[in-house]
Amino acid sequence: MRTEIVSQEKNLVAIKAEVEADEFQKSINKTLNELSHKVTVPGFRKGKVPRRVLELRYGKGTLLTEALEDLVPDIISEIIKDYELDLIEEPKLEIETMEEGKPLLLKFTFYVTPEITLPEITNLEVEKLKVQATEEMVNEAIDSLVEKNATFEKLDERTTTAEDDLVEISYATQILDEEGNILKSHEPSNTILDLQQEGLKEDIRSGLTGVEIGSQVEIDTEIDEEFPEKDLAGKTAHYSINLLSIKKK
């Protein structure tokens, strides 16, 4: 096999390969032999199916393509080794000539690792940032750490929720269409909900305010247009909520 680089630009290398006619013929004969042993043709034993019958069944072009596919992996491996190519993806193949009795002419485009020229590190200048931590910044950092590491304890002083409470709940969710049919449902799960949190729907906040511990509350709320699952926007979310306890941080 003969090969030559025909172009090289950045990380693209185009290489032509010429496979001798007799080498291509060996691959064709191998393909014919394998097909002859695989196919079942009435009137012929496996391994004895004539070439003309195989050509009628599969077409000569298909046989040549099968022979080519058998050769390509070895051709690519040889080119990579000879030219020491470091590929970043599979090469692109173009067939220039593929005829029985003639050399097989192929063109490969290889995508290789680009060459990178690093600058002299002594020529790099970086401005060093000076950060002055203010008392306000320190206090914010401390408050953030306290918030992240907070624990929740049961509040025993009262049994009715207020609008600024943390409440422990068990809830199950159903998504309903306009006729009240269930589109989706989720198994019950537990969470601690801050009734003061920003973004909490007012339907849920008011529905859980002034409720006795141990009560079950049914709340319906409309799903926002900004909801990630666009097909559910505008539908009704039905919550069955059991109020387990009031918590304090």
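This tour proceeds through a predicted model, one selection at a time.

**Helix α1**

Begin by selecting residues 21–38, which form helix α1. The helix has 18 residues, and at 1.5 Å a residue these should span 26 Å. The C-alpha atoms at its ends are 26 Å apart, so the expected and modelled spans agree.

Next, show the side chains of Phe24, Ser27, Ile28, Thr31, Leu32, Leu35 and Ser36, which are the buried residues of α1. In an α-helix, residues three or four places apart point the same way, because there are 3.6 residues a turn. To see what covers the buried residues of α1, add β2 (12–19), α2 (51–58), α3 (60–83) and β4 (104–112), which are among the covering elements.

**Where α1 meets α2**

Keep α1 and α2 in view and hide the remainder. At what angle do the axes of α1 and α2 cross? They cross at roughly 85 degrees and come within 11 Å. The two helices are therefore roughly perpendicular.

Now select the residues in contact: Gln25, Ile28, Leu32, Leu35 and Ser36 on the α1 side, with Arg51, Leu54 and Tyr58 on the α2 side. By class, this contact comprises five nonpolar residues, two polar ones and one charged one.

**The nonpolar cores**

In soluble globular proteins, nonpolar side chains tend to be buried together. The largest nonpolar core here has 28 residues. Select Phe24, Ile75, Ile79, Leu104, Phe108 and Phe110, the members that touch the most other members. Two or more residues of this core come from each of β2, α1, α2, α3 and β4. Which element gives the most to the core? That element is α3, with nine residues.

Centre the view on Ile79. Setting aside neighbours within four places in sequence, Ile79 is in contact with Met1, Thr3, Ile15, Ala17, Glu84, Leu85, Phe108 and Phe110. A second, separate core has 17 residues, including Leu200, Ile204, Ile223 and Leu232.

**Lys247**

Move to strand β9 (residues 236–248) and select Lys247 within it. Is Lys247 buried or exposed? Its relative accessible area is 16%, so Lys247 counts as buried. Apart from neighbours within four places in sequence, Lys247 is in contact with Phe152, Glu153, Lys154, Leu155, Leu166, Glu168 and Ile192.

**Met98**

Select Met98, which is found in the loop between β3 (87–97) and β4. Not counting residues up to four places away in sequence, Met98 touches Phe24, Leu64, Thr65, Leu68 and Leu104. Then add Leu193, which is 95 residues from Met98 along the chain; the C-alpha atoms of the two are separated by 71 Å.

**Two residues with positive phi**

Most residues other than glycine have a negative phi. The last two stops are exceptions.

Select Lys10, in the loop between β1 (2–9) and β2. Lys10 is not a glycine, yet it has a positive phi of about 55 degrees. Its relative accessible area is 77%, so Lys10 is exposed.

Finally, select Glu84, which is found in the loop between α3 and β3. Phi of Glu84 is also positive, near 50 degrees, in a residue other than glycine. Glu84 counts as exposed because its relative accessibility is 73%. Glu84 has already appeared on this tour, among the residues in contact with Ile79.

Terms used. Residues numbered from 1 in each chain as written. Predicted model: local features only at pLDDT ≥ 70, side-chain atom pairs only at ≥ 80, totals over all residues. Heavy atoms only, no water. Helix = DSSP H or I, 4+ residues; strand = E, 2+ residues; numbered from the N terminus. Expected span 1.5 Å × (residues − 1). Buried < 20%, exposed > 50% of the residue type's maximum accessible area, 1.4 Å probe, protein only. Contact = heavy atoms within 4.5 Å. Axes fitted to C-alpha atoms, helices over the stretch in contact; angles between N-to-C directions. Parallel < 35°, antiparallel > 145°, perpendicular 65-115°, else oblique. Nonpolar A, V, L, I, M, F, W, Y, C, P; charged D, E, K, R; others polar. Core = buried A, V, L, I, M, F, W, Y, C linked by side-chain atoms within 4.5 Å.
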